[in-house]
Amino acid sequence: MKHPLSLVWDLDSIFPGGSESQAFQAFLDALAADLETAKGRLEAAEPARRVADAAALAELVALLESLSSRLRQAGAFATCLVSQDTEDRKAPVLQARVRQMGASLAALWTQLDERLLAIDDALWRELLKAPGLAEVADALDERRRWAAKKLAPKVEALVSDLAVDGYHAWGELYNYVAGAIRIPFEKDGQLQHLSAGQVQNRMSSDPDRSVRAQLFAGYEKAWAENAELCARALNHLGGFRLALYRQRGWQSILEEPLEYNRISQETLDAMWQAVDEGKPLLVEYLHRKARLMGIERLSFYDVDAPLGDVKSVWTYDEAAAFIVAQFDRYSKRMGDFARQAFERRWIEAEDRPGKRAGGFCAAFPESHESRIFLTFDNSINSATTVAHELGHAFHHSVFRGVRYLMTDYPMNLAETASTLAELIVAEAGLETAKDAAERLALLDNKVRKTVAFFMNIHARFLFELAFYEARREGFVPVERLNALMEQAQKEAFCGALDQWHPLFWASKLHFYITGVPFYNFPYTFGYLFSHGVYQWAKEERASFEQRYEALLRDTGYMRTEELARKHFGVDLTGLDFWRGAVSQALEGVRAFLHETEGMAAAAST
């Protein structure tokens with residue numbers, strides 16, 4: 001790779017000019033016009049009454065697929081614009097326009113759903129064998145089944161239209177509030193005003209506990225000052241979902257998340273049971289880490305903190321070279337793909353104020369590219385985050401040439417690809433540690449990931465379950481939200497900490513994402529499922545690349561349990577697979593406890 005690498009992404013190669021882009025405006029104008037044309041074509045189309053009507057139906061499906069791909073391209077660009085600069089006033093306007101067109105497209109798909117539901121089952125099976133429909137048969141069949149569980153198509157179309165300035169608007173308002181937060185922080189006599197994302201990074205990378213405590217106090221204060229507004233946003237998001245689900249006749253708040261992730265309640269229950277069974281070892285780790293830090297118990301802001309003061313600094317160029325090298329070991333195509341992403345500036349990594357917190361990977365299906373967003377802070381944690389997002393981008397790339405309807409993979413399987421990429425890099429970091437101190441720091445970083453997926457994510461899941469139960473009875477005020485959050489954290493962390501983060505419900509943007517319900521348990525699923533894929537990768541290096549890409553392509557349409565049976569021969573609804581995956585994930589915890597046994601004894605005397 002050419003060095004030095006840029007930490008700022010290139011959006012101009014997609015649409016030049018940022019939020020002032022004339023090319024993007026023209027793209028949106030053309031898309032809006034084509035949406036209107038498609039509306040007329042759908043309204044004029046004759047219903048499918050015989051097998052001979054398959055060609056006309058296939059044309060409508062292909063038309064909506066094309067519009068969906070173009071809309072995703074537009075949505076990805078708008079998301080990148082609002083994320084890179086929260087003070088860009090034109091970017092949210094563009095994003096709002098894209099959302100409005102999204103509602104129009106959803107209405108068109110709903111019209112198509114109405115036509116699909118009107119076809120009797122025998123004719124439907126015959127139609128799915130026809131050219132133009134056969135290659136997307138699984139996706140269309142899933143769409144028809146899911147539409148049958150919803151309201152009448154015309155009502156669903158109205159819901160989508162009203163949601164733009166209702167439901168989705170609350171999520172956008174939260175993003176604006178979160179992006180505008182500035183937290184004062186003084187160090188070495190210099191006062192800085194940090195974004196929420198910058199504070200999060202520093203709390204997870206600064207070895208000085210007094211600095212972390214100062215940052216956390218400012219972080220809590222900032223969110224407390226915005227808690228009333230966040231509570232209104234969260235309540236209205238939750239209220240909208242509950243009202244819609246009630247009208248659809250859905251009793252469980254998990255009906256949509258389970259369908260969205262293509263898994264059963266039995267699979268989800270089995271996963272969480274296995275996770276709970278593995279938590280005692282993590283509690284032992286948390287207590288051990290506290291003793292090594294010279295304190296009685298960890299506080300919430302200590303959990304993600306580095307152990308000791310090991311100066312393991314990774315420049316962006318070093319991280320890039322390491323990631324590419326490790327990907328190359330398992331898949332030459334993965335390595336080449338990552339090399340291309342770094343060299344062609346697909347990654348926004350600069351540490352600067354005004355950026356949105358967190359990280360993501362945005363797919364551009366029309367350009368056959370991705371863009372990755374994060375704030376790089378020269379830590380191993382940032383390096384593994386880059387690897388994580390590159391895993392998402394590689395997942396997108398394997399669908400090139402595949403029909404758009406067959407690329408709709410769920411979040412739990414998306415997190416499998418990303419977590420596998422992260423795992424490859426983290427394990428390689430352990431293997432190449434310079435000395436015992438660095439190895440311990442990297443081992444601790446690995447175990448912190450396990451704590452996040454087994455405990456932090458579980459707390460989010462428990463909180464959302466409790467929140468929706470409370471929301472059924474009415475508006476949930478700030479004090480009650482704080483109490484529900486603290487209760488969920490205490491349960492998920494098995495009471496192992498001495499200070500909690502009751503305002504986590506306000507600070508975590510995942511609770512406000514309107515496109516994906518219950519944006520939590522898929523992370524744990526992906527983390528555990530990826531351990532199975534990683535074991536497979538280690539055992540079958542020669543055939544891994546081809547088999548892995550086949551697995552990824554199947555995620556675009558296959559039920560998760562079916563995917564696991566096909567590629568691994570395992571039953572996800574039972575405990576055996578999950579207990580095995582949990583045991584694999586806890587190997588790092590066992591190693592940490594073994595390697596620190598003497599150190600802990602010394603620290604206690």
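## A hairpin of two strands

Phenylalanine 185 stands opposite glutamine 192 in β2. Further along, lysine 187 faces glutamine 190 in β2. These pairs belong to a hairpin in which strand β1 (residues 183–187) and strand β2 (residues 190–194) run antiparallel, joined by 5 bridges. Two strands are said to pair if DSSP finds at least two bridges between them. Helices (H or I, at least four residues) and strands (E, at least two) are DSSP runs, numbered from the N terminus. The hairpin has 2 residues between its strands, and aspartate 188 takes a positive phi near 55° there.

Before we go on, a word about the model. This is a predicted model, with local features needing pLDDT of at least 70 and side-chain atom pairs counting only at pLDDT 80 or more, while totals for chains, interfaces and linings use all residues. Residues are numbered from 1 along each chain as its sequence is written, and side-chain values use heavy atoms, with hydrogens and water left out.

## A covered helix beside the hairpin

How many residues of helix α8 are buried? Helix α8 (residues 196–203) has 6 of its 8 residues buried, so we can call this helix mostly covered. Here buried means under 20% relative accessible area, exposed means over 50%, and partly exposed lies in between (1.4 Å probe, protein chains only). The buried residues are Ala196, Gly197, Gln198, Val199, Asn201 and Met203.

What covers them? The cover includes α7, both hairpin strands β1 and β2, and α9 (209–225). Contact means heavy atoms within 4.5 Å.

## A nonpolar patch on the surface

Helix α7 (residues 167–180) holds leucine 173. Leucine 173 is partly exposed, with a relative accessible area of 33%. Together with Tyr176 and Leu229, Leu173 makes a nonpolar surface patch of about 260 Å². Patches are made of residues with over 30% relative accessible area and no salt bridge; like charges are joined within 9 Å, and nonpolar side chains (Val, Leu, Ile, Met, Phe, Trp, Tyr) within 5 Å. Accessible areas come from the Shrake-Rupley method with a 1.4 Å probe, and for residues only the protein chains shown count as cover.

## Salt bridges

The structure holds 46 salt bridges. A salt bridge is a side-chain nitrogen of Lys or Arg within 4 Å of a carboxyl oxygen of Asp or Glu. In one of them, the side chains of glutamate 259 and arginine 559 meet at 3.8 Å, N to O. This pair links distant parts of the chain, 300 residues apart: glutamate 259 lies in helix α11 (residues 255–260), and arginine 559 in the loop between α21 (541–554) and α22 (560–568). Buried or partly exposed? Glutamate 259 counts as buried at 18% relative accessibility, whereas arginine 559 counts as partly exposed at 25%.

Aspartate 444 and lysine 289 also meet in a salt bridge, at 3.3 Å from N to O. Aspartate 444 is in helix α17 and lysine 289 is in helix α12 (residues 265–293), 155 residues apart. Both aspartate 444 and lysine 289 are buried. Helix α17 also holds lysine 449, whose partner glutamate 422 sits in helix α16 (residues 411–431), 27 residues away. The closest N and O atoms of lysine 449 and glutamate 422 are 3.0 Å apart, and glutamate 422 is buried at 8% relative accessibility. Elsewhere, salt bridges that share partners join Asp328, Lys332, Asp336 and Arg339 into one network.

## Cysteines without a disulfide

How many disulfides does a search of the whole structure find? The search finds 0, where a disulfide is a pair of cysteine sulfur atoms within 2.5 Å. Why is cysteine 80 not bonded to cysteine 361? The closest cysteine sulfur to that of cysteine 80 is in cysteine 361, but it is 9.0 Å away, so it is too far for a bond. Cysteine 80 is buried, with a relative accessible area of 0%. Cysteine 361 counts as buried too, at 18% relative accessibility.

## Two loop residues

Aspartate 53 lies in the loop between α1 (22–44) and α2 (54–84), and is buried at 14% relative accessibility. Leaving aside neighbours within four places in sequence, aspartate 53 is in contact with Pro47 and Ala48.

Proline 477 is in the loop between α17 (436–471) and α18 (478–492). At 35% relative accessibility, proline 477 counts as partly exposed. Proline 477 and asparagine 235 are 242 residues apart in sequence, while their C-alpha atoms are 8.6 Å apart in space.
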